[in-house]
Number of protein chains: 2
Amino acid sequence: MIAQERIAILGLGLVGGSLARDLSARGAQVMGYDIDPLPLRAAQRARAIREIVDSDFTTLATATIVVLCVPVDAAPTLLEAIAPHLGATTLVTDVGSTKLAIGTRAAALGVRTRFVGAHPMAGDHRAGFAASTLGMFTGARVYLCPSAESSTAAKTKALDLWHALGADVRWTTPEAHDAEVAYTSHLPHLLSAALARTIERAGHDRAALGAGGQSMTRLAASSPAMWQAIVATNHEAIARALADCAAELEAVRETVARGDVEAICRLFTHTGRWLAEPTP
Amino acid sequence: MIAQERIAILGLGLVGGSLARDLSARGAQVMGYDIDPLPLRAAQRARAIREIVDSDFTTLATATIVVLCVPVDAAPTLLEAIAPHLGATTLVTDVGSTKLAIGTRAAALGVRTRFVGAHPMAGDHRAGFAASTLGMFTGARVYLCPSAESSTAAKTKALDLWHALGADVRWTTPEAHDAEVAYTSHLPHLLSAALARTIERAGHDRAALGAGGQSMTRLAASSPAMWQAIVATNHEAIARALADCAAELEAVRETVARGDVEAICRLFTHTGRWLAEPTP
């Protein structure tokens, strides 16, 4: 029962803020922490959090669940700071876009049995508590990435947490997760930035973009700090995905250059069918 | 006054259908044509058109404006078929995504003074009359591409037509237009298809896409016939844009591979600012 949990949300940005809103709406006792006092105050006003975690983290001893909702390069350091204050059965989880780095740190800090990494495939290019909403995780795919040492109790609690929010939970490993999101999330974001840069360098104004060009460059306005952090923790897999995409793009360029328009028709027919495949 | 015009819309897909709806709503006498009887009937039921253009095009003699709304590779042939039936002062225009090919054909067919090419930057990946809506062109950028021989009367009538629909009209040449949209529209669509193919080839399911991945692959479901036609009429400029983007992508890959995360932060900071620039 989520209403019986005392949940600490550390970091009240878009995802942390939305999580706090959802959990409070379901009756959980939510406490919040942020290095910036503004989102803390906004979260209190919005009744997304009931109390504030003290800056030396001693309040965390009473939490049954702690969720790290900070950029993935800040999460390991934060985990190190809070580790001494955690209860013996507290579930420690996170919402970061990469799972290997934080999992490795959890093991090194001796919280491996209590740690189950999570990654909700939700959110958009906006950032901050102001962009947070109720119901962000309803129907969203959420990857849970336990280590081999994660306890059954921790895994069950993590599953219950996301099920309570209506998420579509998928179990995977940190390794498989990071390899997959390099293609399904990290590549699209970097591609959007590369496209924006290409159009700008060619001397065209962003106001000249049609609806298609706008939607393809929208992610280039994503948080620079967040993407710096994601690349820092998954650069090998992302570089492979970028190389694959560059090869695909070169194949398309070659097809266009030789005027093989039937091949372009086949390409869009193929991708259109792929996109229309029913969800498994 | 648009209400005094007799306007023939040839091709009742997404753009032609939306144009017919808007013009009828503003009191113009709209007649429609489509090789497929289904959109014709749907347009009549929706009161988007008042009458049907006969299949030998003799009805067009009474039209004051004729708008070609067919794929860009079909437009030149259609223009050839209707040319003998046009009145001496009829404005002939179109809505295609490329402007050189149709402009060249208009000149060859002797309708160069009456032809002013147009390209509304509106619509999305959907196709067909069923996707057409009222108000699609309100605030949308519309390029008008007259030739050096286009008459002042034709240019004025084309301007009035799009102003009546609330469009943001920009005058340009067919050459400059095709070079620009290769970057601002054609490249984003082909990039979306290349991304979808990359993710599929890496063995990942389209259901694994988050919100960002979904928005970046959405255009890969665009009409194969339309994109075949656009590439057929602008392949040199599109190949250049693809080559530029591939070079940009390679630069990003190289940055990621060597773990230069500060450069990734600078990239997103730069593109975020570019996207936030006020519209000129």
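Here are some notes on this two-chain structure, which is a predicted model.

1. **How the two copies are related.** Let's start with the whole picture. Two copies of a chain are related by a rotation about an axis and a shift along it. Here, a turn of 180 degrees with a shift of 0.0 Å along the axis lays chain A on chain B, and the RMSD is 0.0 Å. That is what a two-fold axis does.

2. **Where the copies meet.** How many residues does each chain put into the contact? Chain A gives 75 residues and chain B gives 75 residues. If you want to find chain A's side of it, look at helix H6 (174-201), helix H7 (211-217), helix H8 (224-257) and helix H9 (261-276) of chain A, the elements that each give two or more residues. H8(A) supplies the largest share, with 21 residues.

3. **What the contact is made of.** Sort the residues on chain A's side by class and you get 43 nonpolar, 20 polar and 12 charged. Now check which residues take part in each copy: 100% of the interface residues of chain A are also interface residues in chain B, so the copies meet through the same surface.

4. **Two helices crossing in chain B.** Two packed helices are described by the angle between their axes and the distance between the axes. Take helix H6 (residues 174-201) and helix H8 (residues 224-257) of chain B: their axes are 8 Å apart and the packing angle is about 90 degrees. An angle of 65 to 115 degrees counts as roughly perpendicular, so that is the label for H6(B) against H8(B).

5. **Who sits at that crossing.** From H6(B), the residues in the contact include B:Ala182, B:Tyr183, B:His186 and B:Leu190. On the H8(B) side you'll find, among them, B:Trp227, B:Ile230, B:Ala237 and B:Cys245. By class, the contact of H6(B) with H8(B) holds 13 nonpolar, 3 polar and 2 charged residues.

6. **A sheet in chain A.** Next, look for three strands. In what order do the 3 strands of this open sheet in chain A run? The order is S6-S7-S8, and the pairing is mixed. Strand S6 (116-120) and strand S8 (168-171) of chain A are the edge strands; each has a single partner strand, so one side of each has no neighbour in the sheet. From one strand to the next, the twist averages 25 degrees.

7. **Zooming in on one strand pair.** Strand S7 (residues 141-146) of chain A pairs with S8(A) over 4 bridges, in the parallel sense. To see one of the matched positions, pick A:Tyr143, whose bridge partner in S8(A) is A:Arg170.

8. **The sheet in chain B.** Chain B has an open sheet of 3 strands with the order S6-S7-S8 and mixed pairing. At its edges stand strand S6 (116-120) and strand S8 (168-171) of chain B, each with a single partner strand, so one side of each is left free of a neighbour in the sheet. Neighbouring strands are turned by 25 degrees against each other on average, direction ignored. Strand S7 (residues 141-146) of chain B runs parallel to S8(B), and 4 bridges join them. For a position to click on, try B:Val142, which stands opposite B:Val169 in S8(B).

9. **A lysine to look at.** A:Lys157 is in helix H5 (residues 152-164) of chain A. Is A:Lys157 buried or exposed? The cut-off for buried is 20 or more other C-beta atoms within 10 Å. A:Lys157 has 20 of them, so it counts as buried. Leaving out residues up to four places away in sequence, A:Lys157 touches A:Ile65 and A:Leu91. A:Ile65 is 92 residues away along the chain, but the C-alpha atoms of A:Lys157 and A:Ile65 are separated by 8.4 Å.

10. **An unusual backbone angle.** A:Phe57 has a positive phi of about 70 degrees, although it is not a glycine. You'll find A:Phe57 in the loop between strand S3 (51-52) and strand S4 (65-68) of chain A. With 20 C-beta neighbours inside 10 Å, A:Phe57 counts as buried. Residues up to four places away in sequence aside, A:Phe57 touches A:Ala81, A:Ile82 and A:His85. In chain B, B:Phe57 has a positive phi of about 70 degrees too, and B:Phe57 counts as buried.

Methods. Residues are numbered from 1 along each chain as its sequence is written. Chains are lettered from A and ligands numbered from 1 in the order in which they are written. This is a predicted model: local features need pLDDT of at least 70, side-chain atom pairs count only at pLDDT 80 or more; totals for chains, interfaces and linings use all residues. Two strands pair if DSSP finds at least two bridges between them. Axes are lines fitted to C-alpha atoms, for helices over the stretch in contact, and angles run from 0 to 180 degrees between N-to-C directions. A residue is buried if 20 or more other C-beta atoms lie within 10 Å of its own, exposed if 12 or fewer, and partly exposed in between; C-beta atoms are placed from the backbone. Two residues are in contact if their C-beta atoms, placed from the backbone, lie within 7 Å. Angles under 35 degrees count as roughly parallel, over 145 as roughly antiparallel, 65 to 115 as roughly perpendicular and the rest as oblique. Ala, Val, Leu, Ile, Met, Phe, Trp, Tyr, Cys and Pro count as nonpolar, Asp, Glu, Lys and Arg as charged, and the others, Gly among them, as polar. Copies are superposed by least squares on the C-alpha atoms of residues with pLDDT of at least 70 in both.
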